[in-house]
Amino acid sequence: MRETMQIVIVGHVDHGKSTLVGRLLADTGVLGEGKLEKVQATCRRQGKQFEYAFLLDALEAEQDQGITIDAARVFFRTDERDYIIIDAPGHIEFLKNMVTGAARAEAAVLLIDAKEGVRENSRRHGYLLSMLGIRQVAVVVNKMDLVDYDREVFDRIVGEYRAFLEEVGIRPHCFIPISAREGDLVAGPSAAMPWYDGPDVLAAVDAFGKAPSRGQLPLRMPVQDVYKWNARGDDRRIVAGRVEAGRLRVGDRVLFSPSNKTSTIASLEAFAGQPPAEVEAGTSAGVTLTEQIYVERGEIMSHLREGPEVGTRLRANVFWLGKLPLEPGRSYKLKLGTSQTEVRLEEIVRVLDASELGTSVTKKRVDRHDVADLVLRTRTPVAFDPTERIEATGRFVIVDGYDIAGGGIVRALVPDEHQQLRLESRIRDIEWVRGDVGHEQRARMLGHPASLVMVTGEAGVGKAAVARALERRLCEEGVHAYLLDGKNVVLGVDADIALDDREGLVRRFGEVAHLFLDAGLVVVSTTNVIGLGDHRTLRTLVSPFPMLVVHLGPEGAAEDEEADLRLDPGGEPAVAVDQIVRALAERSRLRSH
Ligand code: GDP
């Protein structure tokens, strides 16, 4: 099958985009017999000068009659491959399509008028390409005939524009002096510019690299659903989703992110007919696992050591469509793959107004039709890939209330304060030596899954009393609960480290709690020793085990927001315990799973 590549041609109005496209059509012979001559004859008849741009209008007219070519997606072909030209760059529709994934330009031809030189718009276009993540760019300096094919003019523009593009992170593959109207260096050499020895436009686009096909990328399957097997006594589950990248076989060891759970593919399931031996990108799949682990919709399944990024801060480019602006202080929903996570705008790096194409670094919010380079922060860690690496798990939409208010691409992970720990615990979980009794089996034996309950609050609010009463109550009800006082970890495990090594204390406490959780217990603790606010670190360390943060403190306090449950301070421990037990049951962490 012939390869197809989508390219976009951008440039200031009148710099010659349509002429170049018309030329490409004419010179590569996709127009069809006699088309060029027909348009030229029409021009003569109407007494107007022929323009290559008219060829586009002619194609559009054909399309109106329901024939062949879509004007916004003009095709031309070389010996190498077929090209689709995505039109109307800088146009809102184009930007919207690019950031939401409806259109995907893999490369760009950027046009500059030799006579006019680098204009403000030329800079904006360069910036736009950078925002859209298009890294393959050829710069074409057009209308060289108007400057007598002068090498100096060309060199000056190259010098100026190369420096600018470098600033926005684009290193063009080449600069080509052309005359679209006269046909110099579009699809062949130019007698007028013997001093140039680089490629013509066609050779330049043919030299663009093709992104690897999705099947060759690392495996990514966002989990859509988990189905229970219907037969009695069969505790197997089918994990279903669409393989967005890579391929999947029975026996593959897999990692689920962000939970870090691991297992092995036991079988590939088919809803009808023979199960396939392998599933490749672009296909929906159902798999069963050798070890029954509890995974949920939203996780991304990958191979063990080729997992996606996991974190809470995303450097992203967003195109905003919402009626209300995207602004700090409000919360939105980030939908990426099959996951949905609460997200906030943390920082605006730069905003580009799509209708005017003016940049602003000082804006405090992102308005409708702005394209913004920004940092988003999610409430809980999400799994994703930079779009440049894997497209399907690098695109997202932002929902404001019930409306899709924006779309975007992830450029990179921005480390948060837990990044190092998160990496450490991922390696720990991948390398963890497991006994033959899995978590699920242990939970069935004990009658409940493992869980961590952290009671937080200022000194004197009665945390310890609540924690004690909770351990007692849980044990009376047959739950394997254990009160892990931070002090006990300090006395023993921490005996060799300084008491002001807070990071060390928190990490060791978390690892001890993680061992008890791995043993299947409900661990109850307070944060007296390691201090308030460390529960975020703990969450990272004990993940994927669930953690319930119970905060004893007045309503509306800052810590309140982080807590899963807030209780009035100084109350009867028994009342608090009732509420906690109810919360645990509601989250089905106690009896059912
Ligand atoms: P667009 O707005 O970027 O699509 O520009 P057009 O392709 O419509 O071109 C604008 C004008 O520049 C037209 O009058 C073209 O004939 C003219 N033009 C385009 N390319 C060349 C060129 O290489 N040399 C000269 N002299 N004029 C050109």
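This is a walk through the model, one selection at a time.

Before you click anything, note that the model is predicted: local features need pLDDT of at least 70, side-chain atom pairs count only at pLDDT 80 or more, and totals for chains, interfaces and linings use all residues. Residues are numbered from 1 along each chain as its sequence is written, and side-chain values use heavy atoms, with hydrogens and water left out.

**The whole protein**

Start with everything in cartoon. You have 14 helices and 26 strands; these are DSSP runs, numbered from the N terminus, with helices being H or I of at least four residues and strands E of at least two. Of the 593 residues, 53% count as buried. Buried means under 20% relative accessible area, exposed over 50%, and partly exposed in between, using a 1.4 Å probe and protein chains only.

Switch on the surface: it comes to about 27400 Å², and carbon and sulfur atoms own 48% of that. Accessible areas come from the Shrake-Rupley method with a 1.4 Å probe, and for residues only the protein chains shown count as cover. As for contacts (heavy atoms within 4.5 Å), take those between residues at least 6 apart in sequence: 72% of them join residues at least 24 apart.

**The ligand**

Now select the ligand and everything near it, where near means that one of a residue's heavy atoms lies within 4 Å. You should pick up 16 residues, the closest being D14, K17, S18, T19 and E51. Helix α1 (residues 17-27) gives the most to this shell, with 3 residues. Colour the shell by type and you get 3 nonpolar, 7 polar and 6 charged. In that scheme Ala, Val, Leu, Ile, Met, Phe, Trp, Tyr, Cys and Pro are nonpolar, Asp, Glu, Lys and Arg are charged, and the others, Gly among them, are polar.

Zoom in on the ligand's oxygen atoms. A backbone N or O atom of D14 sits 2.7 Å from one ligand oxygen, a polar backbone atom of G16 is 3.0 Å from a ligand oxygen, and S179 brings a polar side-chain atom to 3.1 Å from a ligand oxygen. On its own the ligand has 580 Å² of accessible area, and the protein covers 84% of it.

**E106 and its partner**

Next, go to E106, in the loop between α4 (92-100) and β4 (107-113). Show side chains and you'll find a polar contact to the side chain of K210, at 2.9 Å. Here a polar contact is a pair of N or O atoms within 3.5 Å; within protein, one must be able to donate a hydrogen and the other to accept it, and residues adjacent in sequence count only if both atoms are side-chain atoms. Leaving aside residues up to four places away in sequence, E106 touches T4, M5, Q6, I134, Q136, K210 and A211.

**Backbone oddities**

Most residues other than glycine have a negative phi, and most peptide bonds are trans. Here are some exceptions to select.

- D148 has a positive phi of about 55° without being a glycine. Look in the loop between β5 (136-142) and α6 (151-167), where D148 is exposed at 68% relative accessibility.
- H369, also not a glycine, has a positive phi of about 70°. H369 lies in the loop between β18 (359-360) and β19 (370-384) and is partly exposed at 21%.
- S257 to P258 is a cis peptide bond, with omega near 10°; P258 is in the loop between β10 (253-257) and β11 (261-269).
- S543 to P544 is cis, with omega near 10°, and P544 is in the loop between α13 (535-542) and β25 (547-552).

**α13 and its neighbours**

That last loop leads you to α13. Because 6 of its 8 residues are buried, α13 is largely enclosed by the rest of the structure. The buried ones are H535, T537, L538, T540, L541 and V542, and they pack against α8, β22 (451-457), α12 (502-518) and β25.

Follow the packing to α8 (residues 419-431). Its 13 residues reach 18 Å from first C-alpha to last, close to the 18 Å expected at 1.5 Å a residue; the expected span is 1.5 Å times one less than the number of residues. Buried in α8 are Q419, L421, R422, S425, R426, R428, D429 and I430.

**Last stop: A443**

Finish at A443, in helix α9 (residues 439-446). A443 is buried, with a relative accessible area of 7%. Draw a distance from its C-alpha to that of L521: the two residues are 78 apart along the chain, and the atoms are separated by 9.0 Å.
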